Number of protein chains: 2
Amino acid sequence: MNPFSSKPAASVASLGEQKLLTAIRRWLGRSAPLAPAGMGDDCAVLPAPRGRRTSLVTVDPVIYGEHFDDDVPPRDAGAKLLKRNLSDIAAMGGRPTAAVIALALDPRTRLDWLEAFYRGLAAVARAHDLPIVGGDIATHRGGLVATLTLIGETTSARALTRTGAQAGDFIAVTGALGGSLPSRHHCRFTPRLAEGQWLVRRPEVTAMLDLSDGLAKDIHALTPPKSRPLIFGDLIPRRASADLRAALTDGEDYELLFAVRGGAPAAHRLLAAWRRAFPRVPLTVIGQFAPRSVSATGALDISAYVGFEHLKS
Amino acid sequence: MNPFSSKPAASVASLGEQKLLTAIRRWLGRSAPLAPAGMGDDCAVLPAPRGRRTSLVTVDPVIYGEHFDDDVPPRDAGAKLLKRNLSDIAAMGGRPTAAVIALALDPRTRLDWLEAFYRGLAAVARAHDLPIVGGDIATHRGGLVATLTLIGETTSARALTRTGAQAGDFIAVTGALGGSLPSRHHCRFTPRLAEGQWLVRRPEVTAMLDLSDGLAKDIHALTPPKSRPLIFGDLIPRRASADLRAALTDGEDYELLFAVRGGAPAAHRLLAAWRRAFPRVPLTVIGQFAPRSVSATGALDISAYVGFEHLKS
């Protein structure tokens, strides 16, 4: 059977990313445990025997024509491959321990391109004392797909997952949002590992993720049941080149978005401690989760903004 | 920079697989530890604190047009993705514990194709009680690449690596070789997990790998320094459709090749115990490692046969 169809209704594009993920879980059946032990968070959390660090696992590729193009220097493309995955480990408050890389590439791939790609990746690996322990090379005529699987471990008694926020929790975000592509932030960002490891030790932080598909889309994964996010447009920290729509819908921010319990006093204490720990990294409270019954006067209508959608035809 | 070159001399094809792997290690520098903790064996072996099982990690993709085509039912392609990786865990004498899957696919990918792919994979996962704990879906226009990373653990005090054989050790192989593609063995094989776990507990077994690129190529990875393999063509177990050249050079056998210490008496004892443990799985002694100075009368000239070469242009 040819895997591709010319009929849009028969293809994965008709389902879109979220429904496809739901379908894949159904197809996998009992082989697909729920998050955090399975799909659905930034990393899978593999439970460990008593007294041992819990393992984290995540996988992300970079694909020629999707995650980088001829305008991206190969050093940056290689660095991006590892940093995308480091950002997922950061979102759990973890640290990376080992990586493997599967490279699918056309035999015409330039050696000098590939050397720069690996050297860019190696520089990031060295900065995090991370060994690249294995990999695979396979022929892929006409394509270039590099897939990195990153293994890590928790740095605290818990991993910080996407679930755990409650109505009333404040919503905070690191850095600035939007305009990742034109500003080249998408390959020049620094994964928020130290920040994530600091946040996981603050008990008032109840849930966290890293922003990859835009605030307007990713916020839903953090929103507690029967609640909605009240986010105020004026509060959202924006990259210089980004308007409000860009800050809400551009992908590849790689910033941490998290929930803070304990009202304004707790949020103020957290912000004060943050400024001492990370004086150069902005941290901004942009809103609050509220019961759906609460009126949203002044808050953004998030549903009017659509984040990055994978698998569009 | 465009990653592809029209000049063969500037491309990875000019280097070939082995030299490219060497180059990648050089580019990665001290981020690339040596096997077994790093690249170069069937799995990476991640050391664990005292009293804990050592972790194993391996990664292999299936790529449309390379590892499967329109003639392979999608169920078989999905099963093959997991089984290729299980075979690598088997080659260390390990057991699988968790898997993640990165899917890079064209938006035109048929839903019914993908469902059958995942259901085929899930059936293998269930048979091994293996959870699929995470993954990623990304757009890859014109392509279909599924990459599975498999994490496992040792089942014994040691992992069985490719290094450890000595001159004098016998060479043994499970099953039958050659003709994997025409016989559909390449997607219908059973990974030798139980056999690998049995062999790792036999101290006379000194080194092991799984055959993926043909005996004539893969034997080199098992051959001790200053030695050569004396292999006798008449002894090589062949699939019904395979002649001697096919048994030596066809890829995708997914059989275990290993070295046995202790001469003929040890080999006989091993064979007798094997027949009781695995009465339906052939095990054959096909030769012996010998010092390079020993004359090879009657043995095959392995250098006259070339196994599967990746990255040919």
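This text walks through a predicted model, from the domains of chain A to the contact between chains A and B and one helix of chain B.

Start with chain A. An automatic or database assignment splits chain A into domain 1, residues 43-154, and domain 2, residues 170-303. Taken over C-alpha atoms, the centres of these two domains are 25 Å apart. The domains touch: 15 residues of domain 1 of chain A are in contact with 15 residues of domain 2 of chain A. On the domain 1 side, helix α2 (residues 74-91) of chain A gives the most, with 11 residues. That side of domain 1 of chain A holds eight nonpolar, two polar and five charged residues.

Now turn to the contact between the chains. Chain A brings 81 residues to it, and chain B brings 81 residues. On the chain B side, helix α4 (residues 111-127) of chain B has the largest share, nine residues. By type, the side of chain B that touches chain A comprises 47 nonpolar, 19 polar and 15 charged residues.

Helix α4(B) deserves a separate look. What span should its 17 residues have at 1.5 Å a residue? The expected value is 24 Å, and the end C-alpha atoms of α4(B) lie 24 Å apart, so the two agree. Its buried residues are Trp113(B), Leu114(B), Ala116(B), Phe117(B), Tyr118(B), Gly120(B), Leu121(B), Ala122(B), Val124(B) and Ala125(B). These buried residues pack against elements of both chains: α1 (12-28) of chain A, and α3 (74-91) and β5 (132-139) of chain B. Just past the end of α4(B), Asp129(B) adopts a positive phi of about 55 degrees.

Methods: Residues numbered from 1 in each chain as written. Chains lettered and ligands numbered in written order. Predicted model: local features only at pLDDT ≥ 70, side-chain atom pairs only at ≥ 80, totals over all residues. Contact = placed C-beta atoms within 7 Å. Helix = DSSP H or I, 4+ residues; strand = E, 2+ residues; numbered from the N terminus. Nonpolar A, V, L, I, M, F, W, Y, C, P; charged D, E, K, R; others polar. Expected span 1.5 Å × (residues − 1). Buried ≥ 20, exposed ≤ 12 C-beta atoms within 10 Å, placed from the backbone.
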